[in-house]
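Please open the model in your viewer and keep the selection tool at hand. The stops below move from one sheet to the next and then to the interface.

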Amino acid sequence: MKILVPVKRVIDYNVKPRVKADGSGVDLANVKMSMNPFDEIAVEEAIRLKEAGAAEEVIAVSIGPAKAQETLRTALAMGADRAILVETDAEVEPLAVAKILKAIAEAEEPGIVMLGKQAIDDDSNQTGQMLAALMGRPQGTFASKVEIDGDHVSVTREVDGGLETVKLALPAIVTTDLRLNEPRYASLPNIMKAKKKPLDTKTPDDFGVDVTPRLKTTHVGEPPVRQAGEIVPDVDTLVAKLKAMGVA
Amino acid sequence: MTALVLAELSDGAVAPATLSAVTAATQLGGPVHVLVAGAQGAADEAAKIAGVEKVLHAGDAAYADMLAENVAPLVAGLMDGYDAFLAPATTTGKNVAPRVAALLDVMQVSDILSVEGPKSFTRPIYAGNAIATVESSDAKLVITVRTTAFDKAGAEGGMASVEAVSGPGDAGISTFVGLEAVKSDRPELTSAGTIVSGGRALKDGETFQQLITPLADKLGAAIGASRAAVDAGYVPNDYQVGQTGKIVAPELYVAIGISGAIQHLAGMKDSKVIVAINKDPDAPIFQVADLGLVADLFEAVPELTSKL
Ligand SMILES: Cc1cc2nc3c(=O)[nH]c(=O)nc-3n(C[C@H](O)[C@H](O)[C@H](O)COP(=O)(O)OP(=O)(O)OC[C@H]3O[C@@H](n4cnc5c(N)ncnc54)[C@H](O)[C@@H]3O)c2cc1C
Ligand SMILES: Nc1ncnc2c1ncn2[C@@H]1O[C@H](COP(=O)(O)O)[C@@H](O)[C@H]1O
């Protein structure tokens, strides 16, 4: 079985994004970029499934600018076997990403497509579910545990009420939540080896997918800023203030 | 513009998240219908929601567990008669709505904060560090609603008709195995008026219980946690507040031993009053706190509990 892992290049999660003054977006010039944290978890899980003998090959794919190659090299250094870059400078929305992934999945026939549950830039939380719909395959979203069981996969999902388990017929789509695993760091020798692993480059046109956005962003602004309040000297003052505010 | 809202159910009853989604749907300006996949009782309950014109009830057992593989085709099949589909941005809504959107070849608008026009909405991006205004060019709208951003519609006062609907049923590719529910007598996090949250500084599960629970009891509060506290196993996963946990906006949010990482702030910075107790005066949580106490929580929390 192959596992396909879509990885997105996004702003590093430690960086505080700055909104551009003209309201056109977030300033990404000279900002540290990294693999979306949920996608690192997806890569890790795929590699573990391979190490456990449940999968033979892990293929990383990214849709984005030429620089997304770096993200793919990170996936290769972690242990993915090969990579596909679908190169475009356009901002590709989840629906179009899902359509491109569908075309790749139809060619590669992976048993599992393992995505992150959400990209931390657009916070859409859509791509995996959309891919599952387009392919008519089951989806195990927000996974905190993944167990292959013959021609099925059991996925434990982090839901509002606790932990839900579903059993899905393979091939299936899985999206990862934070507690699924702790991604490994790539070792220096593996980073060197990753440079020689195969990386194919394609374009959205190769898959006949129109990436024209359906949503037009007309403005990007700052959220309402909260004023820092006051520092109280002791618990008595805190209690008095809470009572005065009528919240305790 | 007629809108269809997917009802969120909890223990077979209509959950408060549904009421916020109804309010968002009402703001689109047309009639609002609600789809209840589950028991008849919930459909009757939904019929009383103020402002709802009609309830569609899908009673087929295939929909009872809200498996997206089964529910999404049901919704997509109903959408001929609707211009918009809305679901609360709960884990159920986030699971089902994008699947509906793809079946309709529509880009979903996730987690809306406001309705700005018939096809224009604001939504948080970059963990709420920026707010985007987006306009859809699709023929139909598929939307998930950030429930804390919309007032709840009245649970009583409506007199909607209830109509039975059916769809393709079981897609046969997924089965529900079980839910390991976290049972608690406390208020539910996303609808609680007061929340006491603990962070990594609480040391372990036992200490967390010993310090946080009595304070929460005094305040009649729900209990939340940072991701670090959840990861360290102090409390179950569904306590997590933040970008990737629950989004909350109570009247009072008390953050104890939580540093205030942007991912945590993303989940609670719309709370009315924020109180922070942290021993580090430079902790970022103080930048959003209305009342901050720089203190060792192991002393301050028991004292606070006893003095309230
Ligand atoms: C993709 C992604 C998503 C994430 N999503 C979330 C999310 O949804 N929610 C979330 O919370 N986090 C999330 N995180 C993690 C987040 O970045 C932080 O790591 C986490 O919030 C830190 O938790 P904490 O504040 O409890 O721990 P720490 O950052 O370790 O802070 C502990 C605090 O306790 C204080 N302290 C220590 N001892 C005492 C004492 N005796 N008395 C008083 N104060 C004391 C310290 O001064 C410190 O400020 C996410 C991270 C990533 C990468
Ligand atoms: N441009 C992209 N390239 C590769 N994978 C992507 C891309 N966009 C989204 N994904 C995948 O889809 C997941 C969810 O993204 P989103 O729906 O945008 O929140 C991510 O965690 C990735 O696994």
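Begin by selecting strand 1 (residues 3–6) and strand 4 (residues 32–37) of chain B, which run parallel and are joined by four bridges; helices (H or I, at least four residues) and strands (E, at least two) are here DSSP runs, numbered from the N terminus. Within this pair, B:Leu4 has B:His33 of strand 4 as its bridge partner. The model is a predicted one, in which local features need pLDDT of at least 70 and side-chain atom pairs count only at pLDDT 80 or more, while totals for chains, interfaces and linings use all residues. Residues are numbered from 1 along each chain as its sequence is written, chains are lettered from A and ligands numbered from 1 in the order in which they are written, and side-chain values use heavy atoms, with hydrogens and water left out.

Now widen the selection to the sheet around these strands, an open one of seven strands in chain B with the order 7-11-6-1-4-5-12 and parallel pairing, where two strands pair if DSSP finds at least two bridges between them. Its edges are strand 7 and strand 12 (161–164) of chain B, each of which pairs on one side only. Direction ignored, neighbouring strands of this sheet are turned by 25° against each other on average. While you are at the edge, select B:Asp111, which is found in strand 7 (residues 109–112) of chain B and has a positive phi of about 60° although it is not a glycine.

Add helix 1 (residues 16–26) of chain B, which lies across strand 1, strand 4, strand 6 (84–88), strand 7 and strand 11 (141–145) of chain B and runs at about 150° to strand 6 of chain B; axes are lines fitted to C-alpha atoms, for helices over the stretch in contact, and angles run from 0 to 180 degrees between N-to-C directions. Helix 4 (residues 91–103) of chain B also packs on the sheet, touching strand 1, strand 6 and strand 11 of chain B, and its direction makes about 160° with that of strand 6 of chain B.

Next, display both chains and select the open sheet of six strands with the order 13(A)-18(B)-17(B)-16(B)-14(B)-15(B), in which the pairing is parallel. Strand 13 of chain A and strand 15 (222–225) of chain B stand at the edges with a single partner strand each, so one side of each is left without a neighbour in the sheet. Where do the two chains meet in this sheet? Strand 13 (residues 230–232) of chain A pairs in the parallel sense with strand 18 (residues 291–294) of chain B over three bridges. Label B:Gly292, the bridge partner of A:Ile231, and then B:Ala276, which stands opposite B:Gly292; strand 17 (residues 273–278) and strand 18 of chain B pair in the parallel sense over four bridges.

Two helices can be added here. Helix 6 (residues 235–245) of chain A lies across strand 13 of chain A together with strand 16 (252–256), strand 17 and strand 18 of chain B, at about 170° to strand 18 of chain B. Helix 8 (residues 297–307) of chain B lies across strand 16, strand 17 and strand 18 of chain B, at about 135° to strand 17 of chain B.

For the interface as a whole, select residues in contact (heavy atoms within 4.5 Å): 80 residues come from chain B and 78 residues from chain A. The area buried between the chains is about 6,600 Å², of which carbon and sulfur atoms give 56%, buried area being the accessible area (1.4 Å probe) that two parts lose on being put together, summed over both. In chain B, B:Met107, B:Tyr126 and B:Leu291 lose the most area to chain A, together 12% of what that side buries.

Six salt bridges cross this interface, a salt bridge being a side-chain nitrogen of Lys or Arg within 4 Å of a carboxyl oxygen of Asp or Glu. To see a salt bridge between the chains, select B:Asp290 and A:Arg226, whose side chains meet at 2.7 Å, N to O.

Finish in chain A, where the peptide bond from A:Leu170 to A:Pro171 is cis, with omega near -5°.
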